[in-house]
Amino acid sequence: MSELPARRLLLVHAHPDDESINNGATMAKYAAEGAHVALVTCTLGEEGEVIPPDLAHLAPDREGGLGAHRIGELAAAMKHLGVTDHRFLGGPGRFRDSGMMGAEQNHRAGAFWNTDVDDAAGYLVEVIRSLRPQVLITYDPDGGYGHPDHIQAHRVAMRAAELAAEPGYRQELGEPHTIAKIYWNRVPRPVAEGAFARLHAANTDFPGIAAIDDVPGVVDESDITTEIDGTAYAAAKTAAMRAHATQIAVRGPYFALSNDLGQPIFTTEYYQLVSGAGAVAAGRREHDVFEGVGE
Ligand SMILES: [Zn+2]
């Protein structure tokens, strides 16, 4: 393992674009500081709605091809963030985007939502045991906002972290590894409220503005353990989001998804430490996800 950088961060996401929206500044910062930043994306996002009219033919109910197109968008986004290690769980197309909760695609063969958690976790165990990350970042049990692929990504990531540490589990996947710290993506409610107040005052030309509850992972301030100031990486994060052009329309410090409702881009990113060493004392916040971890 001597060739691995000292600090290693793994992020597990559901679709291409989630990483840039949630963690773009964190990823750019740690990559720039020499940490190994690895992204595992669980699906190609084939069911996403396409924003630009000239790419509308990629939609699954038209010619298709959105998944392959989004592989390219993700690669471009990762260039902006300086992240060279990005993979799809089980390889590109192994698990398919399940669509929104309740959609008939939820039940289609190969849909990520429809996949046995332990089967999918096996692919991630292999990644964990070879990269040996000290830190894992993923979603909360609700997937941040209830999308089936986000919920499943949470389950698979948490289960894989458990299985990777078990000496008896599939030794052919590598030496057991315990991830020191596991984080869920969060946004403190007062931060969201402040950002939306500025957005309402900003007089943008979005047809509407999203509700705070549309933002994944908004919680009370007291749940936040960790705050990563990514101000220096705001341009990288914004450029990465822009690279996901089928999914995201960026205007200044704001963006919209296919619903055309404006949202703030958060360049300070927030987390809740849920498992692992160096539990953060109440009332104190970490400013480094690697705080307290050895090599
Ligand atoms: Zn997503």
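The following paragraphs go through the overall fold, the nonpolar cores, one helix and the zinc site of this predicted model. Local features need pLDDT of at least 70 and side-chain atom pairs count only at pLDDT 80 or more, whereas totals for chains, interfaces and linings use all residues. Residues are numbered from 1 along each chain as its sequence is written, and side-chain values use heavy atoms, with hydrogens and water left out.

The protein has six helices and twelve strands; these are DSSP runs numbered from the N terminus, H or I of at least four residues for helices and E of at least two for strands. Its C-alpha trace spans about 55 × 45 × 30 Å along the principal axes. The radius of gyration is 18 Å, which agrees with the value near 19 Å for a compact globule of 295 residues; the radius is taken over C-alpha atoms, and the globule rule is 2.2 Å times the number of residues to the power 0.38. Of the 295 residues, 54% are buried (under 20% relative accessible area with a 1.4 Å probe, protein chains only). Among contacts (heavy atoms within 4.5 Å) with a separation of 6 or more, 78% are between residues 24 or more positions apart.

The largest nonpolar core (buried Ala, Val, Leu, Ile, Met, Phe, Trp, Tyr and Cys residues joined through side-chain atoms within 4.5 Å) has 29 residues, and L10, L89, F112, L124 and L136 have the most contacts inside it. Two or more residues of this core come from each of β1 (8-13), β2 (36-41), α3 (117-131) and α4 (148-165). Leaving aside residues up to four places away in sequence, L136 touches L10, V12, A157, A161, I179, K181, I182 and Y183. A second, separate core has 28 residues, including A35, A77, V280 and F290.

Helix α4 is mostly covered, with 13 of its 18 residues buried. Its end C-alpha atoms are 26 Å apart, in agreement with the 26 Å expected at 1.5 Å a residue; the expected span is 1.5 Å times one less than the number of residues.

α4 also holds H150, which the zinc site pairs with D18 in helix α1 (residues 18-32), 132 residues apart. The protein donors are H15 (ND1), D18 (OD), D18 (OD) and H150 (NE2), at 2.1 to 2.5 Å from the zinc ion. Donors are N, O and S atoms within 2.8 Å of the metal (3.2 Å for Na, K and Ca), and sites may look incomplete because water is not among the atoms. Along the chain the donors follow the spacing H-x2-D-x131-H. D18 is buried at a relative accessible area of 7%, and H150 is buried at 2%.

Note on methods. Buried < 20%, exposed > 50% of the residue type's maximum accessible area, 1.4 Å probe, protein only.
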